[in-house]
Amino acid sequence: MRILVTGGAGFIGSALVRRLIEHTEHEVLVFDKLTYAGLLSSLEPASKSNRYGFVQGDICDAEAVRAAIADFRPQVIAHLAAESHVDRSIDGPGEFVQTNVVGTFVMLQQALGYWRGLEGEDKASFRFHHISTDEVFGSLGETGLFTETTPYDPRSPYSASKAASDHLVSAWGHTYGLPVLMTNCSNNYGPYHFPEKLIPLIIIRALNGEPLPVYGDGSNVRDWLFVDDHARALQAVFERGRPGQTYNVGGNAERRNIDVVRAICASLDRKRPRADGKPYADQITFVTDRPGHDARYAIDATKIRDELGWEPSKTFEQGIEETVDWYLNNSDWWQAILDKRYKTERLGVANG
Ligand SMILES: NC(=O)c1ccc[n+]([C@@H]2O[C@H](COP(=O)([O-])OP(=O)(O)OC[C@H]3O[C@@H](n4cnc5c(N)ncnc54)[C@H](O)[C@@H]3O)[C@@H](O)[C@H]2O)c1
């Protein structure tokens with residue numbers, strides 16, 4: 001298949017592209033603006049393949065999107081391009097509305113125009129796969145799980161913009177018959193994760209001897225999924241999912257933030273002990289909470305398991321060990337980000 005991946009230079013997009021190049025015969029075209037979060041270095045392992053192509057472009061630019069689709073003639077559009085960091089959405093929500101809402105609208109319009117021009121099997125097999133988040137469902141109490149029918153209740157500018165984009169995708173499916181698929185996934189982690197996000201931020205700051213900031217009292221719960229397992233789920237959905245359907249994707253790995261941070265510290269204590277022999281956990285500091293911080297997310301991923309046979313392949317403990325190893329062995333990748341793009345400072349405090 002020919003698969004156009006928007007946001008393919010990001011964390012999850014690049015994991016999907018590396019997977020498709022390494023483990024399938026599919027052809028891939030990455031369409032990515034290369035914002036602060038887009039890194040060609042994350043695509044380096046795939047870039048030598050003659051089944052890989054790259055176009056630098058903005059999903060809000062209808063003509064650029066149209067031209068890329070017309071040239072590549074994709075059978076699948078996997079739409080991952082987005083502004084993805086909740087803290088940045090608190091500081092600057094406008095970019096989130098523009099990219100996540102307007103950009104998704106542009107993608108849908110261009111996909112629709114292209115799909116309408118297809119015929120026969122090409123038209124029947126085309127899929128527009130929108131990649132979204134469990135954060136659209138809001139915040140859970142101590143019990144309960146998000147299912148595909150949980151009502152939307154987004155709380156942050158990020159999750160509100162993703163919820164809006166999900167609604168547009170659903171509307172283009174119902175109103176125009178565009179064969180859409182949607183996945184709502186829990187928190188991802190793993191190699192090539194931009195250092196603004198909790199797990200790489202903690203690893204890198206620990207190694208640099210800096211305080212390890214934990215928001216509030218650290219009791220907020222997230223479900224964690226190793227990014228390669230997410231990429232495998234995305235492939236299962238666009239290859240075999242039923243058009244018009246939504247699938248929740250999760251890791252069966254609920255953890256409190258403080259326990260995630262402690263697990264990283266314990267792993268580093270074993271693999272790269274501090275010079276002074278003290279535990280990395282001594283660097284933990286509790287800081288002002290994120291405004292509107294959702295208490296708990298948890299996913300019921302029964303549907304994708306029953307329909308498509310997908311399950312996470314790694315436990316959280318295995319995934320964290322692998323991730324810590326990757327950051328220890330690939331400091332060139334993240335040091336280049338620290339030098340030029342982001343120095344792990346606090347974002348999203350919403351002062352004033
Ligand atoms: N990270 C998670 O835990 C998680 C969980 C569930 C769903 N998601 C969703 O998965 C998708 C990918 O997330 P990620 O963590 O890989 O994000 P990321 O921030 O790492 O990457 C986003 C990519 O999109 C590109 N991009 C941004 N604006 C663009 C534009 N206007 N035009 C073209 N490209 C643009 C960036 O350059 C970057 O390569 C997002 O839609 C996100 O909402 C993420």
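Student: Which strand gives the most to the shell around the ligand?

Tutor: In this predicted model, helix H1 (11-23), S5, H6 and strand S7 (187-189) each supply at least two residues of the shell around the ligand. With 3 residues, the element that gives the most to that shell is S5.

Student: How far can I trust the coordinates, and which element has the lowest mean pLDDT?

Tutor: The mean pLDDT of the chain is 97, and 99% of its residues reach 70 or more. Where pLDDT is low, predicted coordinates should not be read in detail. Among the elements, strand S1 (residues 2-6) has the highest mean, 99, while the lowest, 95, belongs to helix H3 (residues 86-91).

Student: Which residues come nearest to the ligand?

Tutor: The ligand has 28 residues around it. Those that come nearest, out of that set, are Ile12, Asp32, Ser84, Tyr158 and Lys162.

Student: What is the distance between an oxygen atom of the ligand and an N or O atom in the side chain of Tyr158?

Tutor: Two backbone contacts can be set beside this one: a backbone N or O atom of Leu34 lies 3.4 Å from an oxygen atom of the ligand, and a backbone N or O atom of Thr35 lies 3.0 Å from an oxygen atom of the ligand. For Tyr158 the contact comes from an N or O atom of the side chain, and its distance to a ligand oxygen atom is 2.7 Å.

Student: How much of the ligand's area does the protein bury?

Tutor: The reference is the ligand taken alone, which exposes 840 Å². Of that area, the share buried by the protein is 96%.

Student: Are the residues on the two faces of S5 buried or exposed?

Tutor: One side of S5 carries Arg127, His129, Ile131 and Thr133, and the other carries Phe128, His130 and Ser132. The count for the strand is 7 of 7 residues, and on both faces these residues are all buried.

Student: Which strand does S4 join, and in which sense do the two run?

Tutor: Strand S4 (residues 76-79) is linked by 4 bridges to its partner. One pairing within this arrangement places Ala78 with His129 as its bridge partner. The strand that S4 joins is S5, and the two run parallel.

Student: How many bridges join S5 to S6?

Tutor: Strand S5 (residues 127-133) runs parallel to S6. Phe128 stands opposite Val180, and Ser132 has Asn184 as its bridge partner in S6. The number of bridges joining the two strands is 6.

Student: Which helix makes a β-α-β unit with S5 and S6?

Tutor: The unit formed by these two strands and a helix is right-handed. The helix, spanning residues 157-176, is H6.

Student: Which way do the residues of S6 point, and are they buried or exposed?

Tutor: In a regular strand the side chains alternate between the two faces of the sheet. In S6 (residues 180-185), Val180, Met182 and Asn184 point one way, and Leu181, Thr183 and Cys185 point the other way. Whichever way they point, all of these residues are buried.

Student: Which residue of S10 stands opposite Met182?

Tutor: S6 and strand S10 (residues 246-249) pair in the parallel sense over 4 bridges. Within S10, the residue opposite Met182 is Thr246.

Student: Why does Arg242 count as partly exposed?

Tutor: Arg242 lies in the loop between helix H8 (227-240) and S10, and its C-alpha is 8.8 Å from that of Val180, although the two are 62 residues apart in sequence. Partly exposed residues fall between the 20% and 50% cut-offs, so Arg242 belongs to that class because its relative accessibility is 41%.

Terms used: Residues numbered from 1 in each chain as written. Predicted model: local features only at pLDDT ≥ 70, side-chain atom pairs only at ≥ 80, totals over all residues. Heavy atoms only, no water. pLDDT = per-residue confidence, 0-100. Buried < 20%, exposed > 50% of the residue type's maximum accessible area, 1.4 Å probe, protein only. Pairing = 2+ DSSP bridges. Right-handed = clockwise from strand over helix to strand, strands pointing away. Near = heavy atom within 4 Å. Polar contact = N/O pair within 3.5 Å; in protein donor to acceptor, adjacent residues only side chain to side chain. Areas by Shrake-Rupley, 256 points an atom, 1.4 Å probe, with all protein chains shown as cover.
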